[in-house]
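Open the model in your viewer and keep the selection panel at hand. The stops below can be followed in order.

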Number of protein chains: 4
Amino acid sequence: MIALNKHPSGRHFLQIPGPSPVPDRILRAISLPTIDHRGPEFANLGTKVIAGMQQIFQTRHPVVVYPASGTGAWEAALANVASPGDAVLMYETGHFATLWNKMALRLSLKPEFLALEGIDDATGLPRSWRHGVQAELVEQRLRQDGSHRIKAVCVVHNETSTGVTSDIASVRRAIDAAGHPALLMVDTISGLASADFRHDEWGIDVSVSGSQKGLMLPPGISFNALSPKAIAASKTATLPKAFWAWDEIVEMNRTGYWPYTPNTNLLYGLSEALDMLLEQGLPQVFARHQRWAGGVRAAVRAWGLPTQCADDRVHSPVLTGVVTPKGVDADALRRLIHDRFDLSLGAGLGKLKGRMFRIGHLGDCNDLTLMGALAGVEMGLKLAGVPMAGSGVEAAMAHFASEPQASSQPQGHASR
Amino acid sequence: MIALNKHPSGRHFLQIPGPSPVPDRILRAISLPTIDHRGPEFANLGTKVIAGMQQIFQTRHPVVVYPASGTGAWEAALANVASPGDAVLMYETGHFATLWNKMALRLSLKPEFLALEGIDDATGLPRSWRHGVQAELVEQRLRQDGSHRIKAVCVVHNETSTGVTSDIASVRRAIDAAGHPALLMVDTISGLASADFRHDEWGIDVSVSGSQKGLMLPPGISFNALSPKAIAASKTATLPKAFWAWDEIVEMNRTGYWPYTPNTNLLYGLSEALDMLLEQGLPQVFARHQRWAGGVRAAVRAWGLPTQCADDRVHSPVLTGVVTPKGVDADALRRLIHDRFDLSLGAGLGKLKGRMFRIGHLGDCNDLTLMGALAGVEMGLKLAGVPMAGSGVEAAMAHFASEPQASSQPQGHASR
Amino acid sequence: MIALNKHPSGRHFLQIPGPSPVPDRILRAISLPTIDHRGPEFANLGTKVIAGMQQIFQTRHPVVVYPASGTGAWEAALANVASPGDAVLMYETGHFATLWNKMALRLSLKPEFLALEGIDDATGLPRSWRHGVQAELVEQRLRQDGSHRIKAVCVVHNETSTGVTSDIASVRRAIDAAGHPALLMVDTISGLASADFRHDEWGIDVSVSGSQKGLMLPPGISFNALSPKAIAASKTATLPKAFWAWDEIVEMNRTGYWPYTPNTNLLYGLSEALDMLLEQGLPQVFARHQRWAGGVRAAVRAWGLPTQCADDRVHSPVLTGVVTPKGVDADALRRLIHDRFDLSLGAGLGKLKGRMFRIGHLGDCNDLTLMGALAGVEMGLKLAGVPMAGSGVEAAMAHFASEPQASSQPQGHASR
Amino acid sequence: MIALNKHPSGRHFLQIPGPSPVPDRILRAISLPTIDHRGPEFANLGTKVIAGMQQIFQTRHPVVVYPASGTGAWEAALANVASPGDAVLMYETGHFATLWNKMALRLSLKPEFLALEGIDDATGLPRSWRHGVQAELVEQRLRQDGSHRIKAVCVVHNETSTGVTSDIASVRRAIDAAGHPALLMVDTISGLASADFRHDEWGIDVSVSGSQKGLMLPPGISFNALSPKAIAASKTATLPKAFWAWDEIVEMNRTGYWPYTPNTNLLYGLSEALDMLLEQGLPQVFARHQRWAGGVRAAVRAWGLPTQCADDRVHSPVLTGVVTPKGVDADALRRLIHDRFDLSLGAGLGKLKGRMFRIGHLGDCNDLTLMGALAGVEMGLKLAGVPMAGSGVEAAMAHFASEPQASSQPQGHASR
């Protein structure tokens, strides 16, 4: 086999904001023998995971499951509802919003990229990458579009590159306030199953997600959750589509099958993940991530470092971006921490390259994995000579010791 | 967990022509913890699997690995080299050739679908679905295309719906003989790593394949092998493409990384599969499949049933299609065999629905798994009241007992 | 890793009478992380497996679970109830009865070894190794023991070396008819969970078993099921004992714990095995093995070879011994079959060395694995030049096709 | 399946002094299909693990591998060399020495139990449980035994109940200085493969060990390493023995087989563990444990709590015992920590019950798992209202950040 870890002993601390640590139950499930995706047993699996994903997305409408990683589901969302040259309004929350914008360009759409203008004084970083979607900017722009040229508003729910979780319901309200017919399309690749997400209640037309974040699976599966309005739009949209086309998949999914070969073994894992999440209850899952995020932010504040998110109302429960002082190369710091302490942290991406790092707090974690990770960061900061105001580890312990778990339901396999 | 088998005991016999039985080594490998696809360990994995896949495709040129199942790689092949409205010449070898043809239509291309005309007298089945690609028909058609409107010739190497393995080198010779500049694009989804396949030597421009056949992996990874001519074509082709676009992937693959999240855990399995196949040697792998195919055909002949392939020069080493007598519903037969003997067989697809079934002889098989499968078919035929000329099981035993394995190299993990 | 199979492809056919093929569910279960055997979760596991094993032994009395392979449980049975120099009456059903007898000698007991005298004319093999325990010989011997010097009668339920399953209830009746107080001790290492076994109803005092046969686990766990009379005897017996001593284990087991470190990961497998067996129901499990045995015997008879068991009333449902013609080295035959067809068969042991081989039909099997195995034997017999009266494979197919499964309950993980 | 963890998310922190956390590589290895322990592949496995264990014990003499947990290997050591009524000199280092002493009594030996007299003033705990073996006491006692009635001196290398690692070479020197022929028998169940151990160089006659500590395996395998003098003694010793008898096992082990069924799947794990340990090198393994122990002791000192070990020369590299202040119930503290932070700590055993807890630092650990564990302890101490002098977590970070890893060789599967 290939070497997966150059460290001499112990389990790697995978504290990036996805792929997240995969629970042992799920890893075992995906190693079961592959079955015939046209056989009778498969229908049970297919039916179960689709129904389960509807609960996760909080929707009564179809959820399309792709045997492809998350970037594919971005393309699927655009390719099913848009026609060449269509205008779409996108919002620059960070690197992933930027990549989705670039993809729209490659697919021959005409994306317009809204942003909060300006540079943040304290950090020298773009303001728009430190705040959530400003719904009033969306509303303002849509009001200008009297001819309804804009076909869709595309926003990122949980911006994985920054640690900002935007208020999606406010975007829906903005569209409605503008009286605009644009579809609302939301990337919740890193938000779903970690942060609260309500496809139907928030009036979303297409939600995009992936397996390797809150669902605690390896990468390789991605999702589109649809609305009736999105389905209607897909019937007239003319971008060429085949692999991503909703129509055949939704049709065959009614019986638990797929028009082409699905990702059988990862679906075993999805089935197991759904058991775990739904046994525990989504409110408990969301509370757990909020609690973790609180502990990590307490540490960052104690160090005296700014979080990338500058608005306390929209801190992500999934990850925390940490801005390093000017002159400190965040990538060199991450490398030092990886090499010394077997801990992976997320890099600063795009406009943030070298200026920040990201701590993931999602997937198969608990208080002590986070304490281990924070200790690794604190030792790394010290070794790198970064001045710290105080001990983040102490602050996080104070947080975790004072605030009990919201839930103590069993994680394990249900006994009979 | 979800129920994967309704039978009370024993391992399922998965004798469909893919997904193929996955070796235990590979199932264990894909259950290892997910790593950071941007971290230092990942580059070793990425570099290794790309280099290994070049050996498997027998090419010195780039191989693109997609985190998506095989149908996606069909789309990738077309989307990278074609522009809206382009003519492509496809050849009807069976159901999968037909599906690729439909996809070309959905992608706004203008496919032309060549076929061997007529109905086979003995079976009432379409002649074109019982023979390989007729290279002279291709040559003839290309000679008529003096203006070189046809951008690509698309053929299926191993037609999974019929059990016919076409002579790809003859198609290349036909294109050259016609002096035509069309690209040669080949679907070897079910041929690669089971039947001999030579991307460079046969002059192929784009080869398309998937993980769940000869590579013995679960579904979820697919491939494009490229030629310099195909890469050149991709630079001017105008079909919208993003997820499937070769340019960014090939560029980032140089360092062992991907532009978006790859299918990490299935790549562990690919790494293991490459170790297994290359340790043993491709000639040994191909000989093993030929030997298995010989045993299965001996059984079918002894039963007195026609094979779907009517040309002895192009029997597939990967699967054997078996035509049932008129009036025998092959799907009812398959269901009976599944329910009684825990054996999955492939269905007759498209124009062959209900008229034939398919026996896969690929993946993690050996003589005795095939003997078990043939016994299951023979018992099923008897229970269904299908008249048999003789015992297929006896004939297959005679074959396997007389012809020793070409190789007895270790399968297991290399000891040090 | 070490090489586990020198064959180039496919799964090994492990058709020895134990270790039996282990279901995939169980292999995954034993690979879960080890927990603290003194922690709160462990008590659930311990309590569950002990209660489940009582159902399997069909007893209301304590079952002792040892973290040791089956030979240890033989020693435990003797060491707990006997004192140095005690007489025990054992019965020579074959090689394992002989080994148990030798162990009694090593432990300073005075075993007497009853046997059916004489050599079988047709095969030249000892008669006692072709028949079950003759209860009248036991009764006769016990009647002679007026002073009740004999402390225990030790018999093997399913003699793994021959394929004879003795009538244990008749031995209890013989002891009672003789009015003798001896304990009845039974080795059902290879019988339990495959052949019907009733610890309480049959009046057994100590039952001995192991994990790697009908329980479908890897080797490493073994069992003593006790009676109140055996427990009473253990309080005065004076053979030195510590690891095997029942008292501390039975005491601690009440709370689900062990006095020393148990075999945690194999206990995960035992928990899973119990789920599988009890979901399906013991009567269905026993019927399945009887049906398999019928198919294998049909094959042996068609070949014209004698089964080792010469009494039709006591054929084992677990394995079938096949006597090779004089002059045919059964071990050379087994080696040929292993090397050519990746099939392991059991050897002739002790007095049967080289004269017979054994086909296991237990564990994670089904009709087609047995058909594959029988085809391997038949091809091997042919290659070795052994004359056969007819086709065993045909006979077995006739058996399996005519007799449907007794049960079609789900094997798989229970869906919710 | 049975519930293995009642916590809602994350991996359990198993920081008890064994069973130790098992590496993922090993868990996957033990889940491979069981093979025939009489077949040709098995000999490679058997031969490899025995040779590897000789390297681990640092001996050229036979190592006996038992399919039984560690307590069995204690019994094996005594049963092979002693006769009923033999005197053995044992030394009370703690709870496990006491249990071994009790076992000797149960096996009808006459053990004499040496100890350092008195109660420690500061803690009120027995002095002998806070110090290593005092070789001068052994020498003194042996000098009194002019008639050489004492057959063996039995000592514990790494006392798992206290965290004291005795100087075994000094015991050998004491025996030699007294001119006494007693065998030296050493329990290194929790020492081997974590602390330096030299069977031959230190003149040990029987070393006893188990799988679930430094070897990083689940429990279920145990070992005796022998000397020629021990083998000679076993030929005349008269304690009844069968399962534990060295003679047959050593004889059959020459070819890689066992006289009875070995623990096949755990042997797969042992093979993998040997690869990992020997790839890295024993000196590196020992240094790693010393480094970890240093970090944990730094934390305990910062808290102002006494370590159970009162002699700085013999602190264990494997575990650290922490004495709680009088009035603090260490078991209640452990329960609180388990329930709140999903961390298992070792209990105070025997004379230490409720007065101390133990932190394991062995197995598949690294700096950050230990930091997570220490944070869990520190939060638990705070929640329990235990006064602390300072922050142990800070002290441990200072230790780990200042002292780099001795080794950075790859842990992973060797790439080719």
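The tour goes from a sheet to a single strand, then to a chain contact, a helix and one residue.

This is a predicted model.

**Stop 1: the sheet in chain A**

Select strands S1, S12, S13 and S11 of chain A, in that order. They form an open sheet of 4 strands with mixed pairing. At the edges stand S1 (13–15) and S11 (319–323) of chain A; each has a single partner strand, so one side of each is left without a neighbour in the sheet. On average, neighbouring strands of this sheet are turned by 30 degrees against each other, direction ignored.

Now keep only S11(A) and S13(A), residues 356–360. These two pair in the antiparallel sense, over 5 bridges. For one of the pairs, pick A:Thr320: its bridge partner in S13(A) is A:Ile359.

Add helix H10 of chain A, residues 282–303. H10 packs on the sheet and touches S11 and S13 of chain A, and its direction makes about 10 degrees with that of S11(A). Then add helix H12 of chain A, residues 367–383, which also packs on the sheet. H12 touches S1, S12 (343–347) and S13 of chain A, and its direction makes about 85 degrees with that of S1(A).

**Stop 2: strand S11 in chain C**

Move to chain C and select residues 319–323, strand S11. Is this strand enclosed or open to the outside? Of its 5 residues, 5 are buried, so S11(C) is largely enclosed by the rest of the structure. The burial applies to both faces: C:Leu319, C:Gly321 and C:Val323 lie on one side, and C:Thr320 and C:Val322 on the other.

Next to select is S13 of chain C, residues 356–360, which runs antiparallel to S11(C) and is joined to it by 5 bridges. Across from C:Leu319 you will find C:Gly360 of S13(C).

**Stop 3: where chains A and B meet**

Show chains A and B together. Chain B is superposed on chain A by a rotation of 180 degrees with 0.0 Å of shift along the axis, at an RMSD of 0.0 Å. The two copies are thus related as by a two-fold rotation axis. To place that axis, select B:Ala68: its C-alpha is the nearest to the axis in chain B, at 2.1 Å.

How many residues does each chain put into the contact? Chain B gives 60 residues and chain A gives 60 residues. Colour H1 (24–30), H2 (40–57), H3 (70–81), H4 (95–106), H9 (264–280) and S12 (343–347) of chain B; each supplies at least two residues of the side that touches chain A. H9(B) gives the most, with 5 residues. By type, this side of chain B divides into 30 nonpolar, 20 polar and 10 charged residues. Of the interface residues of chain B, 100% are also interface residues in chain A, so the copies meet through the same surface.

**Stop 4: helix H5 in chain B**

Stay in chain B and select H5, residues 135–144, where B:Ala135, B:Val138 and B:Leu142 are buried. Look down the helix axis: the buried residues of H5(B) fall within an arc of 60 degrees, so they line one face of the helix. An α-helix has 3.6 residues a turn, so residues three or four places apart point the same way. The other side of H5(B) carries B:Glu136 and B:Gln144, which are exposed. To see what the buried residues pack against, add S3 (87–91), S4 (110–114), S5 (150–156) and H6 (168–177) of chain B.

**Stop 5: one residue in chain D**

Finish at D:Ala169, in helix H6 (residues 168–177) of chain D. D:Ala169 is partly exposed, with 14 other C-beta atoms within 10 Å. Then pick D:Gly203: the two residues are 34 apart in sequence, and 7.5 Å apart in space from C-alpha to C-alpha.

How values were computed: Residues are numbered from 1 along each chain as its sequence is written. Chains are lettered from A and ligands numbered from 1 in the order in which they are written. This is a predicted model: local features need pLDDT of at least 70, side-chain atom pairs count only at pLDDT 80 or more; totals for chains, interfaces and linings use all residues. A residue is buried if 20 or more other C-beta atoms lie within 10 Å of its own, exposed if 12 or fewer, and partly exposed in between; C-beta atoms are placed from the backbone. Two strands pair if DSSP finds at least two bridges between them. Axes are lines fitted to C-alpha atoms, for helices over the stretch in contact, and angles run from 0 to 180 degrees between N-to-C directions. Two residues are in contact if their C-beta atoms, placed from the backbone, lie within 7 Å. Copies are superposed by least squares on the C-alpha atoms of residues with pLDDT of at least 70 in both. Ala, Val, Leu, Ile, Met, Phe, Trp, Tyr, Cys and Pro count as nonpolar, Asp, Glu, Lys and Arg as charged, and the others, Gly among them, as polar. The arc is that of the directions from the helix axis to the C-beta atoms.
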